[in-house]
Amino acid sequence: MRFLVLLTLILSSSAVFSQKIKFKVDGLQDTTVNLVRYYGQKLYYADTAEIKKGIVEFDGSKQKPGILALFLPGQKILDFIYNDEEVYIESSVNDLVGASVVKKSEENKIFLTYVKFMGSERQKANQFVEQRKQYDAESDSYKNLTSKIDETTKNVTDYQNNIIKNNPTKFVSKIIKMSMDIEIPEPPKDDKGNIIDSNFRFTYYRAHYFDNFDFNDDRIVRTPVFHNKLENYFSKNMMIQHWDTVLYYAFKLCDQFDPKSDVYQYTVSWITSSYEQSKIMGMDKVFALMGERYYCALDADGKSK
């Protein structure tokens, strides 16, 4: 009995210890710092602590899995993944992201390396784009720079796919997969090689837009990626801004969610409130009919009456 009690205490203390979130930031004077959390694209205060001699700790057991961030004076921020594992990251106040070194957390060893890689490749691609503006589209220099941009894009895609392939159970892979556009097959052609449907690529893209999302995982709403993709889906780039069209795609999307899930709550709430504030004539119908379908017509268990 004494052994079982001792074992229980050890396991309990290990579980608490494993949820510690710790940072060491060189060059930062003793001060108050904050832990912030994403809910959609917005950041909310999650915890506050005193950093002393560059070291600060937070209790991870109070946080839900998702993307959190260390928020320092001067609007300096370091995003990281919290997924119920111990986190220990060292960095410098002069370059929070660039100088970051993950001492503990398998998720963040992948995630912060990925963030740095993406920043580097984005900078490289932007330089090629700026250089290309100096040349005529038919020139060899223009074509050479275009080839370099395409190569950079391929490097990014290959890097992302390798992470997903090699880390299928990690949350970081879901985050990266959500951020990627789906692959669109070649459009169907007739016997003469002519494209049958000129709208095929767009139609396919919209129909499969959310293929890379796991809607059974509530953690995705606690990342900015889900919100950004959702906002783009309902933008004028993806659909005609008419209440009937918006409602068609809103119902089709929301009807597949578990009414008790955070994904359901966030998506329904965002669509409803967004179109309540819309300046486009007739969009108040989206607000009214979303409310009628998802707020007024549910029973105590969150199911349609």
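In which loop is the place of K53? The close-up views described below take up this residue and several other parts of the chain.

**View 1. K53 and Q75, two residues with positive phi in loops between strands.** K53 is placed in the loop between β3 (42–51) and β4 (55–59), where helices (H or I, at least four residues) and strands (E, at least two) are DSSP runs numbered from the N terminus. This is a predicted model, in which local features need pLDDT of at least 70 and side-chain atom pairs count only at pLDDT 80 or more, while totals for chains, interfaces and linings use all residues. Residues are numbered from 1 along each chain as its sequence is written, and side-chain values use heavy atoms, with hydrogens and water left out. Although K53 is not a glycine, its phi is positive, at about 55°; Q75, likewise a residue other than glycine, has a positive phi near 60° and belongs to the loop between β5 and β6. Most residues other than glycine have a negative phi. K53 counts as exposed at 78% relative accessibility, and Q75 counts as exposed at 63%; buried here means under 20% relative accessible area, exposed over 50%, and partly exposed in between (1.4 Å probe, protein chains only).

**View 2. The chain as a whole.** Nine helices and eight strands make up the regular elements of the chain, whose C-alpha atoms fill a box of roughly 80 × 65 × 40 Å along the principal axes. Of its 305 residues, 40% count as buried. Among contacts (heavy atoms within 4.5 Å) between residues at least 6 apart in sequence, 54% join residues at least 24 apart. The accessible surface comes to about 18,000 Å², of which 51% belongs to carbon and sulfur atoms, the areas being obtained by the Shrake-Rupley method with a 1.4 Å probe and, for residues, with only the protein chains shown counting as cover.

**View 3. F226 in the largest nonpolar core.** A nonpolar core is a set of buried Ala, Val, Leu, Ile, Met, Phe, Trp, Tyr and Cys residues joined through side-chain atoms within 4.5 Å. The largest such core has 71 residues, of which F23, F226, F234 and M290 touch the most other members. When neighbours within four places in sequence are left aside, F226 is in contact with M178, F213, F215, I220, V221, V263, Y266 and T267. In soluble globular proteins, nonpolar side chains tend to be buried together.

**View 4. Salt bridges around D217.** The structure holds 13 salt bridges, each defined as a side-chain nitrogen of Lys or Arg within 4 Å of a carboxyl oxygen of Asp or Glu. One of them joins K174 to D217, with N and O 2.9 Å apart. Because K174 lies in helix α4 (residues 171–179) and D217 in the loop between α5 (200–207) and α6 (224–233), this pair ties together parts that are 43 residues apart in sequence. K174 is partly exposed, with a relative accessible area of 25%, whereas D217 counts as buried at 7% relative accessibility. D217 also forms a salt bridge with R219, the closest N and O atoms being 2.6 Å apart, and R219 is buried, as is D217.

**View 5. R222 and its partner D262.** The side chains of R222 and D262 form a salt bridge, with N and O 3.1 Å apart. R222 lies in the loop between α5 and α6 and D262 in helix α8 (residues 262–276), so the pair links parts that are 40 residues apart in sequence. R222 counts as buried at 12% relative accessibility, and D262 as partly exposed at 23%. Apart from neighbours within four places in sequence, R222 is in contact with Y38, Y39, K64, P65, G66, I67 and D262; of these, G66 is 156 residues from R222 in sequence, yet the two are 4.9 Å apart in space, C-alpha to C-alpha.

**View 6. Helices α8 and α2 with the elements that cover them.** Helix α8 has 15 residues and reaches 21 Å from its first C-alpha to its last, close to the 21 Å expected, the expected span being 1.5 Å times one less than the number of residues. Among its buried residues are V263, Y266, W270 and Y275, and the cover over the buried residues of α8 includes β2 (31–39), α6, α7 (243–254) and α9 (284–294). Helix α2 (residues 106–132) has 27 residues, and its end C-alpha atoms are 39 Å apart, in agreement with the expected 39 Å. The buried residues of α2, including F111, Y114, M118 and F128, pack against β5 (66–72), β6 (76–82), β7 (87–92), β8 (101–104), α3 (140–166) and α4.
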